[in-house]
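Student: I have a new model open on my screen. Please show me how to read it, feature by feature.

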Amino acid sequence: MKLNERHLMQLAAVLDAGGVSEGAAMLGLTQPAVSRSLAMLEARVGEPLFVKGRRPLQATPLGAQLASQGRAIITASRKASDAVQGFMKGTKGLVRVGGVPFFMDAMISRMIGEFQNLEPEVTVQQSYLNLPEMVAALEGNQIDLGIVPIGVLELGPMFEFTEILPGRNIVACRPDHPLLRNRRLQASDLTRYPWVAPLPGSPLMSDLQMILTSIGMSDLNIRYSGGSLMSVINYVAETNALAVLPFSVVFAQRKENRVTVLPYDIPQPNRSLGILRRVGGPRSPAAERFAGHVTTAFENLKHIIKRHENAVVWGR
């Protein structure tokens, strides 16, 4: 026997409100319409749903069972409505974000935590991706947005890029590195110490090659490679090794005081950190809300990062 779910919802509302008029008002319906629905439900099941002569209305055993199912339907309907509203507002749902490892670990992961403190019903799935993998993931609708440093490379009309932070790289070292005692650093000074190689495929690898060219070297003494951001910081903090890192990444680690900027002005890439999206692809309101949070967070950080950068006395 198939019953009309709306009739069950109306039965539950009438019993919970104590009367047909009250239940109809609760549902935004008229009293005659609800009365007809209840009469149809009684005819359908062939049993009375209310105890005769009782005010407020009292359900029969069968009426009570059907009302409990009606309440479940009402609850599910309200949850569905909340889910739709939350999805449209971006306060519920899933955000799939891909990003280059060092930036994700140093800055974006913290912003994800801040965002979820504000929007606890949004789930975030993070992937470590460099630009080629990120483009493929966006094309395949595997991620909603990417956070990547990108330069003048033309990706075509399928993609849009929103800058959130100008690019700047520095040479990082431990705070008591011997080179920090030099009043004026020379290019040859950088070749006397071992280096950490960036992750393969990362933009920093091409930047390191550019630094080599600028100081007239074809090769460096690479003593460590392939590590995560935390492993690179731990390694640099315990050795005299040097590493090329984004200035903002070192800035994010400033409170730990384990790595610092070596004040040697290296060639800068024509590159900015930003949010990459696919034009015309499905837009997740939650992902757009997250992108707005990240953009605002970096807007607030830009001035602090610049002030910190200006405090460094750059040598050459």
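Tutor: Start with burial. A residue is buried under 20% relative accessible area, exposed over 50%, and partly exposed in between. Keep in mind that this is a predicted model.

Student: Then is D16 buried, exposed or partly exposed, and why?

Tutor: D16 is partly exposed, because its relative accessibility is 46%. R71 also counts as partly exposed, at 34% relative accessibility.

Student: How do D16 and R71 meet?

Tutor: Their side chains form a salt bridge, 2.8 Å from N to O. This pair links distant parts of the chain. D16 is in helix α1 (residues 5-17), R71 is in helix α4, and their positions lie 55 residues apart in the count along the chain.

Student: How many salt bridges does the whole structure hold?

Tutor: A search finds 14. The cut-off is a Lys or Arg side-chain nitrogen within 4 Å of an Asp or Glu carboxyl oxygen.

Student: Which residue forms a salt bridge with D144?

Tutor: R96 does, with the closest N and O atoms 3.0 Å apart. D144 is in the loop between α6 (131-139) and β3 (145-150), and R96 is in strand β1 (residues 93-99). The two are 48 residues apart. Both D144 and R96 are buried.

Student: And what about D265 and R168?

Tutor: Their side chains meet in a salt bridge too, at 3.3 Å from N to O. D265 is in the loop between β9 and β10, while R168 is in the loop between β4 (159-166) and β5. They are 97 residues apart, so count this as another link between distant parts of the chain. Check the accessibility of each partner separately. D265 is partly exposed, with a relative accessible area of 28%. R168 counts as buried, at 17% relative accessibility.

Student: Salt bridges can share residues. Which residues are linked in a network here?

Tutor: E160, R277, R283 and E288 are linked in a network of salt bridges. Take R277 as the way in. R277 is in strand β10 (residues 272-278). It counts as buried because its relative accessibility is 9%. The side chains of R277 and E288 are joined by a polar contact of 3.2 Å.

Student: What else does R277 touch, leaving out residues up to four places away in sequence?

Tutor: R277 touches L138, L145, M158, F159, E160, T162, R283, E288 and A291. The list includes its network partners E160, R283 and E288.

Student: Now a polar contact elsewhere. Which side chain does E119 join?

Tutor: The side chain of R289, in a polar contact of 2.9 Å. E119 is in the loop between α5 (101-118) and β2 (122-128). Being in a loop does not settle burial, so look up the value: E119 has a relative accessible area of 12% and is buried. Leaving aside neighbours within four places in sequence, E119 is in contact with T91 and R289.

Student: How do I read a residue at 0% relative accessibility, such as V171?

Tutor: V171 counts as buried because its relative accessibility is 0%. It is in strand β5 (residues 169-173). Not counting residues up to four places away, V171 touches W195, L242, A243, T260, V261, L262 and I266.

Student: Where is L262, one of those contacts?

Tutor: L262 is in strand β9 (residues 260-262). At 0% relative accessibility, L262 is buried as well. Sequence distance and spatial distance are separate readings. L262 and V171 are 91 residues apart in sequence and 5.4 Å apart in space, C-alpha to C-alpha. V171 and Q209 are 38 residues apart along the chain, with their C-alpha atoms separated by 13 Å.

Student: Let me zoom out. Which domains does the assignment give?

Tutor: Domain 1 (5-88), domain 2 (93-166 + 271-306) and domain 3 (169-261). Note that domain 2 is written as two segments.

Student: How many residues of domain 2 are in contact with domain 3?

Tutor: 13 residues of domain 2 are in contact with 21 residues of domain 3. The C-alpha centres of these two domains lie 26 Å apart.

Student: Last, the surface. Which residues form a nonpolar patch?

Tutor: V84, F87 and M88 do, with about 310 Å² of accessible area together. V84 is in helix α4 (residues 61-89).

Definitions and conventions
Residues are numbered from 1 along each chain as its sequence is written. This is a predicted model: local features need pLDDT of at least 70, side-chain atom pairs count only at pLDDT 80 or more; totals for chains, interfaces and linings use all residues. Side-chain values use heavy atoms; hydrogens and water are left out. Patches are made of residues with over 30% relative accessible area and no salt bridge: like charges are joined within 9 Å, nonpolar side chains (Val, Leu, Ile, Met, Phe, Trp, Tyr) within 5 Å. Accessible areas come from the Shrake-Rupley method with a 1.4 Å probe; for residues, only the protein chains shown count as cover. Helices (H or I, at least four residues) and strands (E, at least two) are DSSP runs, numbered from the N terminus. Buried means under 20% relative accessible area, exposed over 50%, partly exposed in between (1.4 Å probe, protein chains only). A polar contact is a pair of N or O atoms within 3.5 Å; within protein, one must be able to donate a hydrogen and the other to accept it, and residues adjacent in sequence count only if both atoms are side-chain atoms. Contact means heavy atoms within 4.5 Å. Domain bounds come from an automatic or database domain assignment.
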